[in-house]
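Hello,

Here is the structure I said I would pass on. My notes on what was found in it follow below the display.

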Amino acid sequence: MFSDQTQHKEINFDGIVGPSHNYAGLSLGNIASASHKGDPSYPRAAALQGVAKMRGNLARLGVQGFFVPLPRPNLALSDTLAFDGSEAPQLRAAPWSASSMWTANAATVSPAPDTADGKCHLSPANLVTMLHRAQEWPDTKRQLDLAFGNGEHFTVHGAVPPTFGDEGAANHMRLCEEHGSAGVEVFVYGRPGGAFPARQHEQASRLVARAHGLNPAQCIFVEQNPAAIEAGAFHNDVVSVANERVLFTHAEAFADQAGAYDAIRAAFPALEVVEVPSAAVTMAEAIRTYLFNAQLLTLPDGSMALIVPEECRESPSVWAYCEGLMASNCPISKVIPVDVRQSMANGGGPACLRLRVVCDPATVDPRFLLDESKADLLEKVISETWPEQIDPSDIGNDALAAQVTAARAALLTALSLEELG
């Protein structure tokens, strides 16, 4: 059986923004990514913004994890694509993608209290809908195997078959009385046929639930609103986020909003829905500011804080809603903006940058856990080795490839993670 649940905490594992961070506009359906295609990027600033966010949550929660960037450029993918100089720019950019920084797509995680064997189960997402992301999962699994290598407490699966698109925790929510208690897992999927791809397949979600040994009565499968996908909510975490008993969601998040609430409440009667009406925040503004792509955290005093992008504070309608939220009797008592502008410009907010894992921190490989001295070390390596700026014309450049490769190697050495080289 799983270890004493009093030792279980929710740990956010953030992806360190990689040294090849660039704006190639590779993600169809991601409005921010498309709108910034071809802009210069600032990998050093992006990575330091990410470390600052991690520092903030470490101070709030007392625990924080991270994953390192994947190897880029991916020469194996370049070889597979048979580059000869005639390929389209987007194909040339795919092996350079730093999108693994968005670890909400790294895997789906079912904590030990939910599973039949009492272990925490993790399934890396295959991400097959997009070429630049489909290359990630084998290297992601290598990190998961290291970080969660304690076989008494964790099981790391392979990815689901590629015919089923799986985007990981970005389309998965968990509701529970407290993180260490048994919960209800909500899987959100899309249906194909729209202008933008519905990236999460229903059968992928069901396969993951079976592989993790979840009780079918404690699994809910909900369809995302096709109109939300068409508007640019390419993952459910762009329109909904859950934490313990609270579901914070836009009024147009699900294909059948009332039906979704009823299905969840039937399995989890303690559900508290905080629904943001369209009259207060339009779907377009929710997507532009990533109000829902937020980290909803339980603080040590039992209150909840919503960690949102700075863009929320700059939006009159969104910030007016947030101020009303904090003044109400809502379970969410604090709204805290953070600067992740470099990630936001590529379509990823605070929630995209983290994977939530409920476990005893003592069972995790400590090399993947942050403390203040390690945060100082990350900032030092990033400041000394990450490129300051990458222009679109730099992609494919041998000098940049050498710098990116050396920067990642320096980070792995600093963290004693050379086996990931």
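**Val160 and its surroundings**

Setting aside residues within four places in sequence, Val160 is in contact with Asn126, Asp166, Ala204, Leu207 and Val208. Please keep in mind throughout that this is a predicted model. Val160 sits in the loop between β5 and β6 and counts as buried, because its relative accessibility is 6% and the cut-off for buried is under 20%. One of its contacts, Leu207, is 47 residues away from Val160 in sequence, yet the two C-alpha atoms are 7.3 Å apart in space.

**Gly165, in the loop between β5 and β6**

Gly165 also lies in the loop between β5 and β6. At 1% relative accessibility, Gly165 is buried. Its contacts, not counting neighbours within four places in sequence, are Asn126, Val128, Arg199, Gln200, His201 and Ala204. Val128 is 37 residues from Gly165 along the chain, with 5.6 Å between their C-alpha atoms. Asn126 and Ala204 appear in the contacts of Gly165 and in those of Val160.

**Two buried residues with side-chain polar contacts**

His212 is in the loop between α7 (202–211) and β8 (219–223). Its relative accessible area is 0%, so His212 is buried. Which side chain does the side chain of His212 meet in a polar contact? The partner is the side chain of Ser110, at 2.8 Å. Beyond four places in sequence, His212 touches Thr108, Ser110, Thr115, Ala116, His121, Leu122, Ser123 and His157. Thr108 and Ser110 are among these, and β3 spans 107–110; His121, Leu122 and Ser123 are there too, and β4 spans 120–124.

Gln342 belongs to helix α13 (residues 341–344). With a relative accessible area of 12%, Gln342 is buried. The side chain of Gln342 makes a polar contact with the side chain of His21, at 3.1 Å. Leaving out neighbours within four places in sequence, the residues in contact with Gln342 are His21, Tyr23, Ser41, Tyr42, Ala45, Ala46 and Gln49.

**Helix α6**

Helix α6 covers residues 137–147, and its buried residues are Asp139, Thr140, Gln143, Leu144 and Ala147. Viewed down the axis of α6, these residues fall within an arc of 145 degrees, so they line one face of the helix. The general rule behind such a pattern is that an α-helix has 3.6 residues a turn, so residues three or four places apart point the same way. What do the buried residues of α6 pack against? They pack against β2, β3 (107–110), β4 and β5 (154–156).

**Backbone points to check by eye**

The peptide bond joining Arg72 and Pro73 is cis, with omega at about -5 degrees. Pro73 is in the loop between β2 (65–67) and α3 (75–80).

Ala82 has phi near 55 degrees, a positive value in a residue other than glycine. Ala82 is in the loop between α3 and α4 (89–93). Leu127 likewise has a positive phi, near 55 degrees, and is not a glycine; its place is the loop between β4 (120–124) and α5 (131–134). Is each of these two residues buried or exposed? Ala82 is exposed, because its relative accessible area is 55% and the cut-off for exposed is over 50%. Leu127 is buried, with a relative accessible area of 2%.

**Cavities**

Searching the whole structure gives eight cavities of 30 Å³ or more. The largest holds about 330 Å³ of space. Its lining is made up of 25 residues, and those nearest the centre are Glu10, His172, Met173, Arg174 and Arg356. The elements giving two or more residues to this lining are β6 (172–176), β9 (240–243) and β15 (354–359). Of the elements, β15 contributes the most, with five residues. By type, the lining of the largest cavity holds 14 nonpolar, five polar and six charged residues.

Regards

Key: Residues numbered from 1 in each chain as written. Predicted model: local features only at pLDDT ≥ 70, side-chain atom pairs only at ≥ 80, totals over all residues. Heavy atoms only, no water. 1 Å grid on protein atoms, 1.4 Å probe; cavity = no way out; pocket = protein on both sides within 12 Å on 5 of 7 lines; lining within 4 Å. Points joined across faces, edges and corners; volume = space filled by probe spheres on them. Helix = DSSP H or I, 4+ residues; strand = E, 2+ residues; numbered from the N terminus. Nonpolar A, V, L, I, M, F, W, Y, C, P; charged D, E, K, R; others polar. Buried < 20%, exposed > 50% of the residue type's maximum accessible area, 1.4 Å probe, protein only. Arc of directions from axis to C-beta. Contact = heavy atoms within 4.5 Å. Polar contact = N/O pair within 3.5 Å; in protein donor to acceptor, adjacent residues only side chain to side chain.
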